[in-house]
Amino acid sequence: MKKNIHVVGAVITDGHKILCAQRGMEKSLPGLWEFPGGKIEETETPQSALQREIQEEMHCHVEIGEQVEHTVYEYDFGIVHLTTFYCRLVKGTPVLTEHIAIEWIEAHDLEKLEWAPADIPAIKKLKKTYQAQQ
């Protein structure tokens, strides 16, 4: 039986641009793009895990808003339960520590990147949401 892995992702927005992060080549899903975040520890809420992960990974603080999407995706290494949240930077500028690249991408261009499969439902939802706002 595969391991269930509960993770969170930050959809950090700045106007119509969204922060995207590219996974390192030595990690699982090498080179794919994702929303920054990480695993939820046993004692954490999804929101507190996301606060901690963004501070650890990107050395900045975010304000967490509403949930974007919840996705369950089965990889060869386990079943990932990904919950993404809208976030706004409140302190600091994202830096590279865990990722090999970060980019601010317009919502309508998100699908041009090669995303980790668990992130794709959120990408599709974001694209629709931003199209409806224009």
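**Entry 1. Charged pairs**

I began with Glu44, which forms a salt bridge with Arg52; the closest N and O atoms are 2.5 Å apart. I note at the outset that the model is a predicted one. I then looked up the accessibility of the two partners and found both Glu44 and Arg52 buried.

Arg52 also meets the side chain of Glu53 in a salt bridge, at 3.2 Å from N to O. Glu53 is buried, and I record its relative accessible area as 9%. I next asked which residues are joined into one network by salt bridges that share partners. They are Glu41, Glu44, Arg52, Glu53 and Glu56.

For the whole structure, I recorded a count of 10 salt bridges. One of them pairs Arg23 with Glu34, with 2.9 Å between the closest N and O atoms. I placed Arg23 in strand β2, residues 17–23, and Glu34 in strand β3, residues 33–34, so this pair ties together parts that are 11 residues apart in sequence. I checked this pair for burial as well: Arg23 and Glu34 are both buried. As a general remark, I add that side chains of opposite charge can pair when their charged atoms come close.

**Entry 2. Cysteines**

How many disulfides does the structure hold? I found 0. Cys20 is in no disulfide, and the nearest cysteine sulfur, that of Cys87, is 13 Å away. A disulfide requires two cysteine sulfur atoms within 2.5 Å.

Why is Cys60 not bonded to Cys87? The sulfur of Cys60 is 9.7 Å from that of Cys87, its closest cysteine sulfur, and this is too far for a bond.

I also looked up the accessibility of two of these residues. Cys20 is buried, with a relative accessible area of 0%. Cys60 is likewise buried, at 1%.

**Entry 3. Nonpolar cores**

I turned next to the nonpolar cores, where Cys20 appears again. The largest has 17 residues, and Cys20 is among those with the most contacts inside it, together with Val11, Ile18, Phe35, Leu110, Trp115 and Leu126. I asked which elements give two or more residues to this core. They are β2, β7 (99–106) and α2 (120–133). The most comes from α2, which gives 4 residues.

I followed Ile18 further and listed its contacts, leaving out residues up to four places away in sequence. Ile18 touches Val11, Ile12, Thr13, Phe35, Glu103, Trp104, Ile105, Ala107, Leu110, Leu126 and Tyr130. Val11, Phe35, Leu110 and Leu126 thus recur here from the list of residues with the most contacts inside the core.

Another core lies apart from the largest one. I recorded 13 residues for this other core, among them Ala21, Leu50, Ile54 and Phe85.

**Entry 4. Aromatic rings**

Last, I searched the whole structure for aromatic pairs and found 3. Tyr75 and Phe77 form one that is stacked, with 4.9 Å from centre to centre and 10 degrees between the planes. The cut-off for a stacked pair is under 30 degrees, and so the pair's 10 degrees qualifies.

Are Tyr75 and Phe77 buried or partly exposed? Tyr75 counts as buried, at 8% relative accessibility. Phe77, at 36% relative accessibility, counts as partly exposed. I closed the entry with the grouping of these rings: Tyr73, Tyr75 and Phe77 form one aromatic cluster.

Methods. Residues are numbered from 1 along each chain as its sequence is written. This is a predicted model: local features need pLDDT of at least 70, side-chain atom pairs count only at pLDDT 80 or more; totals for chains, interfaces and linings use all residues. Side-chain values use heavy atoms; hydrogens and water are left out. Rings of Phe, Tyr and Trp (its six-membered ring) pair if their centres lie within 6.5 Å; planes under 30 degrees apart count as stacked, over 60 as edge-to-face and the rest as tilted. Buried means under 20% relative accessible area, exposed over 50%, partly exposed in between (1.4 Å probe, protein chains only). A salt bridge is a side-chain nitrogen of Lys or Arg within 4 Å of a carboxyl oxygen of Asp or Glu. A nonpolar core is a set of buried Ala, Val, Leu, Ile, Met, Phe, Trp, Tyr and Cys residues joined through side-chain atoms within 4.5 Å. Contact means heavy atoms within 4.5 Å.
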